[in-house]
Amino acid sequence: DLVAWNDSGESAIATTALAAQRDQTVKLPLDNPGAITRTVVDNPGPPIADAQVIASPELTGGTADRAAWAVRGAQETTTDQGGAFRFAGLPDGSYRVHAARPSASEAEIWLSAGVTTTPHAAPIKIVVPADGRAIGKIELADGKPATAFTITLDNTRPLPFVTNDGAFAVPAVAGTYELTVAGPGFVTTTKQVPLAEGKDSDIGTITVIAGRSISGRVLDENGTPVGHATVAAGALLTGGGADLYIKSESIAAKDTETDAQGNFVLAGFPPATLTVIAGKPD
C-alpha cells in the first residue's frame with residue numbers, strides 16, 4: 001500500500017504487487033486538500049515556539065479510512081516561531097490534536113486534553129497550561145522507603161525511579177489521574193490524585209505492601225537447568241507468539257530472568273491464583 005502527501009494534499013491509497021513485476025510505475029494524485037492548522041499558545045496567551053503537536057483519529061467517530069492512517073504513520077510536528085502548525089492531506093474524519101511544550105515528556109503530551117477538529121474545519125487554537133508536578137514518597141508497610149519503583153499516570157508509560165528516600169516527582173498537566181506505583185518487591189498500588197496547574201501537588205506518602213513471592217527453577221526436557229530464561233507470572237497473561245507475554249495487556253504481571261542455575265524469584269504478588277510461564281528464544 002502506498003500513499004503520498006505534502007502541503008497541498010493527500011493521495012488515495014494505491015496497491016501494487018512487486019512479486020508479479022520487479023519495477024512498477026504508480027501515479028499518486030494529491031487530490032485531498034484536507035488540513036488541520038492553527039497555533040499553540042501559552043495559558044496567558046503568547047504563542048509557543050517549537051511546541052510538540054500530535055494528531056490522532058478519535059476512537060469513536062474518527063477517520064473511517066483506518067488503512068490510510070496506518071500507511072501514513074504517526075502525525076507529529078513542531079510549531080514555528082509564531083506557534084503555528086499544519087497537518088496537510090488528512091483523510092476525512094474527526095481528530096484530536098494534542099500539544100505540549102518543547103521539553104515535555106511523551107506522557108505530558110498524551111495527558112493533555114487536546115482539541116477535537118476535522119480537516120476542513122476552521123483553524124483551531126490549543127492552549128497549553130503551565131506545567132505541574134505530582135510529588136510524594138513511596139514507603140513499605142514497615143516504614144522503610146521503597147528504593148526502586150515506577151510511577152504511571154493513567155495509561156502512559158511507566159517512569160522509573162531509583163532513590164534512597166522513596167521520593168518521586170512526575171510532571172503532568174492539570175487534571176485528576178490514576179497514579180499507579182509498581183515495583184519488584186511489592187504489590188502494585190493505585191490512587192486517584194488531583195494535580196494543580198503550574199505548581200507541585202503533594203500527594204503525601206503512599207504505603208505499599210510487600211506481598212507474596214514465587215520461587216522456582218526452569219529446566220529443559222532433559223532436566224538440565226536453563227539459565228537466562230524469562231519467567232512471567234500474573235493474574236492474566238496474554239501473548240501473540242513473538243514474545244513470551246505482552247506486558248502491557250497482562251494483568252498484575254511481573255517478569256524476571258533465571259540465573260545460571262535456572263533459579264528465579266518473583267515477589268510482590270497479592271494472595272491470589274496466578275499463572276506462571278517460562279521461555280527463551282528458540
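**Strand pairing, cores and salt bridges in a predicted model**

Good morning. I shall begin with a single pair of residues: the bridge partner of valine 231 is alanine 278, which belongs to strand S21. That pair is part of a larger set, as 5 bridges connect S21 with strand S18, residues 230-234, and the two strands run antiparallel. Before I go further, please note that this is a predicted model.

Where does this pairing sit? S18 holds the middle place of an open sheet of 3 strands, in the order S19-S18-S21, with antiparallel pairing. Strand S19, residues 254-257, and strand S21, residues 275-279, each have a single partner strand, so each edge strand has one side without a neighbour in the sheet. On average, neighbouring strands here are turned by 15° against each other, direction ignored. As a general reminder, the strands of a sheet pair through backbone hydrogen bonds, in either a parallel or an antiparallel manner.

One salt bridge involves strand S19 directly. Aspartate 255 meets lysine 247 through their side chains, with 3.7 Å from N to O. Aspartate 255 counts as partly exposed, at 34% relative accessibility. Lysine 247, by contrast, has a relative accessible area of 53% and is exposed, because the limit for that class is over 50%.

Let me now step back to the whole protein. The model contains 2 helices and 21 strands. Its C-alpha atoms fill a box of roughly 65 × 60 × 30 Å along the principal axes. The radius of gyration is 24 Å, whereas a compact globule of 282 residues would have one near 19 Å. Buried residues account for 36% of the 282 residues. If we consider contacts between residues at least 6 apart in sequence, 62% of them join residues at least 24 apart.

I turn next to a second sheet. It is open, has 4 strands in the order S12-S11-S14-S15, and its pairing is antiparallel. The edges are formed by strand S12, residues 159-162, and by S15, each of which pairs on one side only. Neighbouring strands of this sheet are turned by 25° against each other on average, direction ignored. S11 and S12 are joined by 4 bridges in the antiparallel sense. Within that pairing, phenylalanine 149 has phenylalanine 161 of S12 as its bridge partner.

Phenylalanine 149 also leads us to the nonpolar interior. Which residues of the largest nonpolar core touch the most other members? Among its 21 residues, they are Ile138, Phe149, Ile151, Leu153, Phe168, Leu179 and Val181. Strands S10, S11, S13, S14, S15 and S16 each supply at least two residues of this core. Isoleucine 138 illustrates the packing: leaving aside residues up to four places away in sequence, its contacts include Phe149, Ile151, Phe168 and Val181, and also Ile206 and Val208. Another core, of 16 residues, lies apart from the largest one; Trp69, Val97, Ala99 and Ile126 are among its members.

How many salt bridges does a search of the whole structure find? The total is 5, and I have already described one of them. A second joins glutamate 106 and arginine 157, with 3.5 Å from N to O. Glutamate 106 lies in helix H2, residues 106-111, and arginine 157 in the loop between S11 and S12, so the pair ties together parts that are 51 residues apart in sequence. The two partners fall into separate accessibility classes: glutamate 106 is partly exposed at 41%, and arginine 157 is exposed at 62%.

A further salt bridge links aspartate 200 and arginine 133, with the closest N and O atoms 2.9 Å apart. Aspartate 200 is in strand S16 and arginine 133 in strand S10, so this pair ties together parts that are 67 residues apart in sequence. Here both partners are partly exposed, aspartate 200 with a relative accessible area of 39% and arginine 133 with one of 35%. S10 and S16 appeared earlier as well, since each supplies at least two residues of the largest nonpolar core.

Finally, I draw attention to alanine 104, in the loop between strand S7, residues 95-100, and H2. Is alanine 104 buried or exposed? Its relative accessible area is 13%, and it is therefore buried, the limit being under 20%. The C-alpha atom of alanine 104 is separated by 9.9 Å from that of valine 173, a residue 69 places away along the chain.

Thank you for your attention.

Methods:
Residues are numbered from 1 along each chain as its sequence is written. This is a predicted model: local features need pLDDT of at least 70, side-chain atom pairs count only at pLDDT 80 or more; totals for chains, interfaces and linings use all residues. Side-chain values use heavy atoms; hydrogens and water are left out. Two strands pair if DSSP finds at least two bridges between them. Axes are lines fitted to C-alpha atoms, for helices over the stretch in contact, and angles run from 0 to 180 degrees between N-to-C directions. A nonpolar core is a set of buried Ala, Val, Leu, Ile, Met, Phe, Trp, Tyr and Cys residues joined through side-chain atoms within 4.5 Å. Buried means under 20% relative accessible area, exposed over 50%, partly exposed in between (1.4 Å probe, protein chains only). Contact means heavy atoms within 4.5 Å. A salt bridge is a side-chain nitrogen of Lys or Arg within 4 Å of a carboxyl oxygen of Asp or Glu. The radius of gyration is taken over C-alpha atoms; the globule rule is 2.2 Å times the number of residues to the power 0.38.
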